[in-house]
Amino acid sequence: MNSKKLRIGIIGCGKIAQIRHIPEYLLNEGVEVVAVSDVNYKRAKEVATNNDIPFYFQNYRELLNMPDIDAVSVCTPNATHAEVTIQALYNQKHVLVEKPIAINIEDAEKMVNLAQTKNKILMVGYNQRLSPIHNWVKSYIKHEGIGKVYQFQSNFQHGGPGNWSIDGKNSWFFDRKEAGFGVTVDLGVHKLDLLQWLINDEIYQAQSFLSFNDKASVEDNAVFIVKTKSGILGTFSFSWNNPQQDHRTVIYGEKGRIILGESYHGAIVELNSGEVIEKELNPQLRPDGFLNSGVVDDFVQCVRTGRRATASGLEALKTMKILLDQVNGLWIKELGE
């Protein structure tokens, strides 16, 4: 794999493919994007033409049948992640799948097991693990900068996919059949994954509350109260109804606290001694001025070296078990299903 360019296919040509996957692959010198597919054939053609990608399809299986494609990004609606990923693995492709890994545990487990059987990389697009400032915070906590962690609170709120997705208010994000769930799998999985990773602990108890502005739609607000295996308590708040946005996370320890989210790429440590440490780590920017998430670079490196992905399918499965155990029951209660 190191002696030739890695040949990539993109399945799904929506916003995340256009602003993250394709640009980041094209910037990687060891990569060639050779094909895209989308159920909207016109969109597939436009994306291919605009990015000098030679092949485009409406049926993703045609892309997977190309024998010289080494790996694919799966950027389709949530409900199809499992089907497309499983077919890709059967076709001997490495897979980077957007979050959530799947919309039910059975499919997620099948994906993880199949990747292991086929000896293929299965990575999920949890970009927050790759943020330089989050890596600094993880190291600071690991080296007991704030001592034993007792508690945390984390918010992830914005104006919702209607404001940024390629189809706006008609986006599949609002259709339960295609999305599976709402804000919990759009934003919630990121912070549930990130906090467990930062504190090196696992959630084993949770209670959640959801709200639905439109009973025919998906949940747009959620609050989780959790307890980890070591006894750390935490709260999460997720919302699609805050255009001003809120990304604040606070981690409390015996020596002080760490505050994230006051700026996009910074952290503030406030120690009980009165010392204050302000850390700002600027991320890598692409030539177009947008953030390089690191997701594609990490995936490419994993495929080339065989190392385990930073956000592997197995790690994503742990988070989804927590989330789906909570949300499924509340869907039934709230919607009377």
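How many nonpolar, polar and charged residues does the lining of the second largest pocket have? By class, this lining has 8 nonpolar, 6 polar and 3 charged residues. Ala, Val, Leu, Ile, Met, Phe, Trp, Tyr, Cys and Pro are counted as nonpolar, Asp, Glu, Lys and Arg as charged, and the others, Gly among them, as polar.

The model is predicted: local features need pLDDT of at least 70, side-chain atom pairs count only at pLDDT 80 or more, and totals for chains, interfaces and linings use all residues. Residues are numbered from 1 along each chain as its sequence is written, and side-chain values use heavy atoms, with hydrogens and water left out.

The second largest pocket has a volume of about 320 Å³. A pocket here is an open set of points on a 1 Å grid over the protein atoms alone, where a 1.4 Å probe fits and protein lies on both sides within 12 Å along at least five of seven lines; lining residues have an atom within 4 Å of a point. The volume is the space filled by probe spheres set on the points, with grid points joined across faces, edges and corners. The lining comprises 17 residues, and Gln116, Lys120, Ile121, Leu122 and Arg308 lie nearest the centre of the pocket. At least two lining residues come from each of helix H5 (105-118), helix H9 (295-305) and helix H10 (313-335). H5 gives the most, with 3 residues. Helices (H or I, at least four residues) and strands (E, at least two) are DSSP runs, numbered from the N terminus.

The model contains two open sheets to follow in turn. One has 6 strands in the order E3-E2-E1-E4-E5-E6, with parallel pairing; two strands pair if DSSP finds at least two bridges between them. Strand E3 (55-57) and strand E6 (122-124) stand at the edges, and each has a single partner strand, so one side of each is left without a neighbour in the sheet. From one strand to the next, the twist averages 20°. For such angles, axes are lines fitted to C-alpha atoms (for helices, over the stretch in contact), and values run from 0 to 180 degrees between N-to-C directions.

Within this sheet, strand E1 (residues 6-11) runs parallel to strand E2 (residues 31-37), and 6 bridges join the two. Ile8 of E1 stands opposite Val33 in E2, and Ile10 stands opposite Val36 in E2. In a regular strand the side chains alternate between the two faces of the sheet. In E1 both faces are covered: Leu6, Ile8 and Ile10 are buried on one side, and Arg7, Gly9 and Ile11 are buried on the other. Because 6 of the 6 residues of E1 are buried, the strand is largely enclosed by the rest of the structure. Buried means under 20% relative accessible area, exposed over 50%, and partly exposed in between (1.4 Å probe, protein chains only).

The other sheet has 8 strands in the order E8-E9-E10-E7-E11-E12-E13-E14, with mixed pairing. Strand E8 (203-211) and strand E14 (276-280) are at the edges; each has a single partner strand, so one side of each is left without a neighbour in the sheet. Here the twist averages 10° from one strand to the next. Strand E7 (residues 149-157) and strand E10 (residues 233-239) run parallel and are joined by 7 bridges. Gln151 stands opposite Leu233 in E10.

Antiparallel pairing appears between strand E12 (residues 256-260) and strand E13 (residues 266-271), over 5 bridges. Arg257 has Glu270 in E13 as its bridge partner. E12 and E13 form a hairpin with 5 residues between them, and Gly261 in the turn has a positive phi of about 100°. E13 also runs antiparallel to E14, joined by 5 bridges, and Glu270 stands opposite Val276 in E14. The hairpin of E13 and E14 has 4 residues between the strands, and Gly274 takes a positive phi near 105°.

The cysteines remain. A disulfide is taken as a pair of cysteine sulfur atoms within 2.5 Å, and by this rule the count comes to 0. Cys13 is in no disulfide, and the nearest cysteine sulfur, that of Cys75, is 8.3 Å away. Cys13 counts as buried, at 0% relative accessibility. Cys302 is likewise in no disulfide, the nearest cysteine sulfur being that of Cys75, 17 Å away. Cys302 is buried, with a relative accessible area of 0%.
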